[in-house]
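Q: Please take a close look at one part of this structure, the packing of two helices against each other, and then set that part in its surroundings.

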Amino acid sequence: PRLLVLNGPNLNMLGVREPAIYGSGTYADLVSLCRREGRLAGFSEVRCFQSNHEGALVDEIQAALGRYDAIVLNPAAYTHTSVALLDALKAVGIPCVEVHISDVSSREDFRQVSYVRAACVATVSGEGLAGYGHAIRILADALDG
Ligand code: DQA
């Protein structure tokens with residue numbers, strides 16, 4: 001199976017951006033982790049894509065139809081605003097796990113809503129970059145079962 005890992009706005013700034021919240025690991029570290037964990041979980045292909053633009057993320061989800069079997073998505077701030085990402089996930093029907101590096105449940109009120117969650121098989125939050133590994137294993141298990 002093939003895995004698509006999507007990251008939304010400001011996640012290219014990992015390592016620099018609010019390290020007390022998001023840690024010191026960089027986006028390059030995150031890509032290495034996803035490639036390694038993806039391979040270990042049995043994915044034959046792992047594509048990682050980051051964009052600060054909502055429409056570019058919608059385009060990637062649409063283009064995944066017939067090409068990827070599972071999606072790990074950290075929509076970042078678009079989590080809390082984007083019906084377009086929710087609709088794109090519903091349109092393609094590819095199993096998706098929502099990931100947040102920080103524990104969004106213990107943060108501001110405006111982070112308590114997630115539009116994409118309704119189209120995801122699970123949410124992983126507050127596990128740092130390791131949460132992407134967790135999400136990848138959830139998807140691998142879902143595809144096995
Ligand atoms: C985030 C949490 C979001 O609320 C925030 O806007 C982000 C990152 C996380 O990974 O913890 O940019 O998705």
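A: In this predicted model, helix 3 (residues 54-63) packs with helix 4 (residues 83-92) at an angle of about 5°, and their axes are 9 Å apart. Angles under 35 degrees count as roughly parallel, so helix 3 is roughly parallel to helix 4. On the side of helix 3, the contact is made by E54, L57, V58, I61 and Q62; helix 4 contributes A84, L85, A88, L89, A91 and V92. Sorted by class, the residues of this contact are 9 nonpolar, 1 polar and 1 charged.

The loop that lies between strand 3 (70-74) and helix 4 holds H80. This residue also appears in the UniProt record, an unreviewed entry, which places the feature "binding site" at N74, H80, D87, I101, S102 and R111. These positions span 38 residues in sequence, and the farthest two C-alpha atoms are 24.4 Å apart, so they do not all gather at one spot.

The ligand in the model has its own shell. Around the ligand are N10, N74, A76, A77, T79, H100, I101, S102, V104 and R111. By class, this shell divides into 4 nonpolar, 5 polar and 1 charged residues.

The sheet completes the setting. Its 5 strands form an open sheet in the order 2-1-3-4-5, with parallel pairing. Strand 2 (45-50) and strand 5 (122-125) are the edge strands, each pairing on one side only. From one strand to the next, the twist averages 15°. Strand 1 (residues 2-7) and strand 2 run parallel and are joined by 6 bridges; within this pair, R2 has E45 of strand 2 as its bridge partner. Lying across strand 1 and strand 2 is helix 2 (residues 27-40), which runs at about 160° to strand 2.

Note on methods: Residues are numbered from 1 along each chain as its sequence is written. This is a predicted model: local features need pLDDT of at least 70, side-chain atom pairs count only at pLDDT 80 or more; totals for chains, interfaces and linings use all residues. A residue is near a molecule or strand if its C-beta atom, placed from the backbone, lies within 6 Å of it. Ala, Val, Leu, Ile, Met, Phe, Trp, Tyr, Cys and Pro count as nonpolar, Asp, Glu, Lys and Arg as charged, and the others, Gly among them, as polar. Two strands pair if DSSP finds at least two bridges between them. Helices (H or I, at least four residues) and strands (E, at least two) are DSSP runs, numbered from the N terminus. Axes are lines fitted to C-alpha atoms, for helices over the stretch in contact, and angles run from 0 to 180 degrees between N-to-C directions. Two residues are in contact if their C-beta atoms, placed from the backbone, lie within 7 Å. Angles under 35 degrees count as roughly parallel, over 145 as roughly antiparallel, 65 to 115 as roughly perpendicular and the rest as oblique. UniProt positions are given in the numbering used here, feature names are shortened, and annotations may be inferred rather than shown by experiment.
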